[in-house]
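Subject: Handing over the structure

Hi,

Here is the structure I promised to pass on to you. Have a look at it first, and then read on for what I found.

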Amino acid sequence: MESTLRGVGVSHGVAIGEVRHMGTAVLEPPAKRIPAQEAEREQGRARQAVDAVAADLTARGTLAGGDAQAVLEAQAMMAQDPELMADVDRRIAVGSTAERAVYDAFASYRELLAGAGEYLAGRVADLDDVRNRIVARLLGVPMPGLPDSDKPYVLVARDLAPADTALLDPSLVLGFVTEEGGPTSHSAILARALGVPAVVALPGAVELTEGAVIAVDGSTGEVFVDPGEETKARLEAAAAERRAALAATTGPGATADGHKVPLLANIGGPADVPAAVDAGAEGVGLFRTEFLFLDDSENAPSEAKQVEAYRQVLEAFPEGRVVVRVLDAGADKPLAFLTPADEPNPALGVRGLRALLGHPGILRTQLTALARAAEGLPVHLEVMAPMVADRADARAFAEACREAGLRAKVGVMVEVPSAALRARSVLREVEFLSLGTNDLAQYTFAADRQVGAVSRFQDPWQPALLDLVALSAEAAGAEGKGCGVCGEAASDPLLACVLTGLGVTSLSMGPASIPYVRAALAKHTLAQCERAAAAARAADGAEEARAAARAVLSGE
């Protein structure tokens, strides 16, 4: 009998197939003791396993490229963390086996992260995956991971590790459903990059029967268990209609009455450029530069290395717009040379621009590298700072850009409610705003973007979040300046229409989402988008806002 479950849709499309569950996690190794003379051998085994897992994660990242590469390389660094390895060696020296020492050392580190607050929950999940891979190698058992199947299936798991998500084969994995995670979790971001339909934060997902047929709607978050023929036909018709709309809509982003809305790409490095170009991106709305700095957590990259990487991206968009975010370190992206190691709550501490202003040499080198990379190119370079809270922050960043001789538009990200509330004041120092809706939601609702239990607050349809977007856009309009959105909210075609109606002037998203958003905008006039935006803001909750906007745009 057909039944319907609802989670959070994070990647567009429809998947219909049989359930296959993710392989089980590694069992806890026995607490055996070893004689002292075997300690050195066990320490060698541990180091070999750690190095092998780190190499495997790095190789997977190289194959996957883009956002996945940055995530997996960070996991590889986590595996080889010197303090963790020192703890493993100490435990072996007092009698633990290699596998038990790894298990216990990671458990201890896990407690430290969890104790630092829920803001590091995403890192805890990544840490668990690294531990499982090392212990599996030491025990000589199969790695936890994707099921072995020769026919397409829908993957179901409690959560998906980045190492598994990054290399999903879309010809076999029709879509996936997880019980945990949120719309901005690593798995959700990678699913969108792969173009695989996905639903996360679905209560009871792991209880779905192996082999049962389910239909997954990655746009609405609905999962239909044992769907009837009528449901299948309806979903397949909707999917076919979307494909036809995508094929029929090309060119720059615009509403049906010609109001231009530039559609830009979010990228994590040069490896993401081909997908952005293929999707018809009109430029880059968010160039994350962390990939350069995560290669070596102890030292910042040289100016020459930065120039080379930046120029590769700038050259790909001649006459286009490229918005570069300077280093956003801290919270779940700690760097030993930049961020404090003992903050009680890193997400509310010294991160983003705050960290850079405390280390002006690192900021100056990056800005100088950007200036050099843009020399002689016709690209429209723009540079923005993350985690700006007020006008003083904006002024400090603008002054640093001028001192570095940077000839580029200077802007700031609106991720902190204070910046939205005082946007007009902030805009007296800079030339544009870019709304990072992921972090803006996190700080507005005090809800960690990686924790599934509070995922409803990470829904970008929350009217309070739309109010902050509207405030920012109104301030930018009054000052005659731009206000874009570069958070994951821009990748939702329906919400993209609402954001346009709120006055947002550009939208930036993962390349896979650009065709969907382009097609949605082309179906509606600016006036319709404005009415949908007003209806969404008048609602009391995210679901009501979504339904109200859909009703307006569908003419109901």
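Before the first figure, a definition: a residue is called buried when its relative accessible area is under 20%, exposed when that area is over 50%, and partly exposed in between. By that reckoning, buried residues account for 56% of the 556 residues in the protein. Please keep in mind throughout that this is a predicted model.

**Overall picture**

The protein has 22 helices and 16 strands. Its radius of gyration is 24 Å, close to the 24 Å that the globule rule gives for 556 residues, so the protein is as compact as a globular protein of that length. Measured out along the principal axes, the C-alpha trace spans about 75 × 65 × 40 Å. As for the surface, about 22100 Å² is exposed, and carbon and sulfur atoms supply 52% of that area. Of the contacts with a separation of 6 or more, 68% are between residues 24 or more positions apart.

**Helix α19 and its surroundings**

The element I spent most time on is α19, which covers residues 493-502. How many of the residues of α19 are buried? The count is ten of ten, so the helix is mostly covered, given that buried means under 20% relative accessible area. The buried set consists of Pro493, Leu494, Leu495, Ala496, Cys497, Val498, Leu499, Thr500, Gly501 and Leu502.

What do these buried residues pack against? Their partners are the helices α18 (463-479), α20 (514-522), α21 and α22 (542-554), together with the strands β15 (482-485) and β16 (506-509).

Two of these helix pairs can be described in detail:

- α19 with α21 (residues 526-537): the angle between the helices is about 95 degrees and their axes are 7 Å apart. An angle of 65 to 115 degrees counts as roughly perpendicular, and α19 and α21 are therefore roughly perpendicular to each other. On the α19 side the contact involves Cys497, Val498, Thr500, Gly501 and Leu502, and on the α21 side Leu526, Cys529, Glu530, Ala532, Ala533, Ala536 and Arg537. By class, that contact has eight nonpolar, two polar and two charged residues.
- α18 with α19: here the angle is about 40 degrees, with the axes 9 Å apart. α18 and α19 are therefore oblique to each other. Leu466, Val469, Ala470 and Ala473 of α18 make this contact with Leu495, Leu499 and Leu502 of α19. The residues in the contact of α18 with α19 divide into seven nonpolar, no polar and no charged.

Leu502 of α19 appears in the contact with α21 and also in the contact with α18.

**Asp467 in α18**

Asp467 also belongs to helix α18. With 28% relative accessibility, Asp467 counts as partly exposed. If you want a long distance across the model, the C-alpha atoms of Asp467 and Gln37 are separated by 66 Å, and these two residues are 430 residues apart along the chain.

**Two buried residues elsewhere**

Val154 sits in strand β4 (residues 153-157). Its relative accessibility is 0%, so Val154 counts as buried. Setting aside neighbours within four places in sequence, the contacts of Val154 include Ala15, Ile16, Gly17, Glu18, Val19 and Arg20, as well as Leu174, Gly175, Phe176 and Val177, and also Ile214 and Val216. Val196 is 42 residues from Val154 along the chain, and their C-alpha atoms are separated by 10 Å.

Arg100 is part of helix α4 (residues 98-115). Is Arg100 buried or exposed? Its relative accessible area is 13%, so Arg100 is buried. Not counting residues up to four places away in sequence, Arg100 touches Glu28, Pro29, Pro30 and Ala31.

**Backbone angles to look at**

Two residues that are not glycines have a positive phi:

- Glu319 has a phi of about 70 degrees. Glu319 is in the loop between α11 (303-315) and β11 (321-325), and at 55% relative accessibility Glu319 counts as exposed.
- Ala446 has a phi of about 50 degrees. Ala446 lies in the loop between α17 (437-445) and α18, and with 64% relative accessibility Ala446 also counts as exposed.

Best wishes

Conventions. Residues numbered from 1 in each chain as written. Predicted model: local features only at pLDDT ≥ 70, side-chain atom pairs only at ≥ 80, totals over all residues. Heavy atoms only, no water. Axes fitted to C-alpha atoms, helices over the stretch in contact; angles between N-to-C directions. Helix = DSSP H or I, 4+ residues; strand = E, 2+ residues; numbered from the N terminus. Parallel < 35°, antiparallel > 145°, perpendicular 65-115°, else oblique. Contact = heavy atoms within 4.5 Å. Nonpolar A, V, L, I, M, F, W, Y, C, P; charged D, E, K, R; others polar. Rg over C-alpha atoms; globule rule 2.2 N^0.38 Å. Buried < 20%, exposed > 50% of the residue type's maximum accessible area, 1.4 Å probe, protein only. Areas by Shrake-Rupley, 256 points an atom, 1.4 Å probe, with all protein chains shown as cover.
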